[in-house]
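Dear colleague,

Please find below the structure I promised to hand over. My notes on what was found in it follow directly after, arranged by region.

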Amino acid sequence: MLHFENDYNEGCHPKLLEALVKSNEENLSGYGTDSYTQSAIEKIREACQLDEAEVVFLTGGTQTNQVAIASLLQSYEGVIAAETGHIALHEAGAIEYTGHKVLTIPHQDGKLSAQAVADYLETFYADGNHSHMVYPGMVYISHPTEYGTLYNQQELEDLSRICHDYQIPLFLDGARLGYGLAAKETDLDLPTIARLCSAFYIGGTKMGALAGEALVFTKKNMPKHFMTIVKQHGALLAKGRLYGIQFDQFFTDNLYMEIGQKALALAEELKAILKEKGYRFYLESPTNQQFIIVENSQLDSLSQKIAYSFWEKYDDKHTVIRLATSWSTTDDDIKALRNIL
């Protein structure tokens with residue numbers, strides 16, 4: 001069976017695992033106060049070109065989204081997101097569970113436009129009954145989006161400006177950020193994201209970590225007593241070294257970018273094979289996620305040899321499925337896929 005259903009099929013990138021094993025018998029302080037975690041924080045600050053960045057490590061994407069959003073919103077506020085946004089569709093109501101509504105608006109290939117956000121905010125405040133409604137207190141985006149599409153710098157600039165005008169934070173979900181940063185078509189980098197977003201996170205789990213995401217507050221805006229809030233969410237890891245050691249490796253010798261570049265090179269080979277075999281693409285994705293339209297009659301036979309992700313119904317006779325490359329995809333995997341297809 002070939003595994004292309006996601007980008008976290010295997011356990012841990014060898015260099016990260018080696019660092020974990022090497023440091024295994026060291027006695028280190030807990031809760032992220034160890035030397036590896038402090039080193040990782042400094043390296044992330046340097047990569048973001050932001051000395052004042054405040055960095056906290058959490059376990060996974062849903063947990064990071066929930067903790068960040070809940071801590072930055074007031075009790076009467078919700079978060080604006082695309083209708084296809086991860087927090088709206090694939091996080092089991094984790095945001096709503098904290099008492100904050102996800103306010104969904106239309107998207108363009110998974111992306112929010114500044115105009116759509118501005119229209120929503122303008123309409124909200126023009127409503128004479130808005131004091132009886134959930135206030136839009138934040139804008140959530142992901143980069144890459146659920147469809148593997150990317151924001152460009154101008155789009156992020158425009159969203160940032162709207163958020164600044166309405167004095168609400170712009171939060172970027174970076175679960176797959178490494179694959180977005182490595183894309184040939186992108187004009188975004190970590191310093192630009194840090195400049196334009198109020199908070200964002202650097203994904204680790206989908207980039208080869210056993211677990212871990214690096215949440216970055218960029219405007220000296222970390223909520224008061226944030227570590228206590230983290231603990232209230234059950235998200236404070238006693239062995240914080242687990243995250244620190246891995247992210248210290250990610251940001252040593254450009255490993256984080258190298259992992260993304262390798263996965264995207266294989267994604268380009270995957271795209272070429274799919275085109276060669278005559279598959280239709282649902283949309284154009286420059287990242288590690290590729291979406292194709294398959295006849296329903298082919299799904300069962302395909303699933304016998306290839307693990308893929310169901311994405312959405314296309315019509316009565318076709319389904320959109322996702323194939324994803326990752327840090328663990330090999331040249332042999334791509335060659336085997338070609339033979340199967």
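Which residue in strand 13 is the bridge partner of Glu312? The bridge partner of Glu312 in strand 13 is Val320, and I return to the sheet around this pair after a word on the ground rules. This is a predicted model, in which local features need pLDDT of at least 70 and side-chain atom pairs count only at pLDDT 80 or more, while totals for chains, interfaces and linings use all residues. Residues are numbered from 1 along each chain as its sequence is written, and side-chain values use heavy atoms, with hydrogens and water left out. Helices (H or I, at least four residues) and strands (E, at least two) are DSSP runs numbered from the N terminus, and two strands are said to pair if DSSP finds at least two bridges between them.

The sheet with Glu312 and Val320

Strand 12 and strand 13 (residues 318-324) run antiparallel and are joined by five bridges. They belong to an open sheet of four strands, in the order 9-10-13-12 and with antiparallel pairing. Strand 9 (280-281) and strand 12 (309-315) stand at the edges with a single partner strand each, so one side of each is left without a neighbour in the sheet. Helix 12 (residues 255-276) packs on this sheet, where it touches strand 9, strand 10 (289-295) and strand 13, and its direction makes about 20° with that of strand 10; contact here means heavy atoms within 4.5 Å, and angles run from 0 to 180 degrees between N-to-C directions, with axes being lines fitted to C-alpha atoms, for helices over the stretch in contact. Helix 13 (residues 296-303) lies across strand 10, strand 12 and strand 13, and runs at about 120° to strand 10.

Helix 12 also has a helical neighbour, since the axes of helix 12 and helix 14 (residues 331-340) come within 10 Å and cross at roughly 5°. That angle makes helix 12 roughly parallel to helix 14 (angles under 35 degrees count as roughly parallel, over 145 as roughly antiparallel, 65 to 115 as roughly perpendicular and the rest as oblique). On the helix 12 side the contact involves Leu266, Glu269, Leu270, Ile273 and Glu276, which meet Asp331, Ile334, Leu337 and Arg338 in helix 14. By class these residues are five nonpolar, no polar and four charged, where Ala, Val, Leu, Ile, Met, Phe, Trp, Tyr, Cys and Pro count as nonpolar, Asp, Glu, Lys and Arg as charged, and the others, Gly among them, as polar.

The seven-stranded sheet

A further open sheet is formed by seven strands in the order 2-8-7-6-5-3-4, with mixed pairing. Its edge strands are strand 2 (54-58) and strand 4 (102-105), each of which pairs on one side only. Within this sheet, neighbouring strands are turned by 25° against each other on average, direction ignored. Strand 7 (residues 199-203) and strand 8 (residues 213-217) run antiparallel and are joined by five bridges, and Gly203 has Glu213 in strand 8 as its bridge partner. Helix 6 (residues 114-126) packs on the sheet, touching strand 3 (77-82), strand 4 and strand 5 (135-142), and its direction makes about 170° with that of strand 5.

Two details of the backbone may be worth a look in the viewer. The peptide bond from His143 to Pro144 is cis, with omega near 0°, and Pro144 is placed in the loop between strand 5 and helix 7 (153-166). Asp109, which is not a glycine, has a positive phi near 55°, and this residue is found in the loop between strand 4 and helix 6.

Helices 1, 2 and 11

Helix 2 (residues 35-48) and helix 11 (residues 241-250) pack at an angle of about 45°, with their axes 7 Å apart, and are therefore oblique to each other. Tyr36, Thr37, Ser39, Ala40, Lys43 and Ile44 in helix 2 meet Arg241, Gly244, Ile245, Phe247 and Asp248 in helix 11, and the residues of this contact divide into five nonpolar, three polar and three charged.

The axes of helix 1 (residues 14-22) and helix 11 come within 9 Å and cross at roughly 135°, which makes helix 1 oblique to helix 11 as well. Lys15, Leu16, Ala19 and Leu20 of helix 1 make this contact with Leu242, Ile245, Gln246, Gln249 and Phe250 of helix 11.

With best wishes
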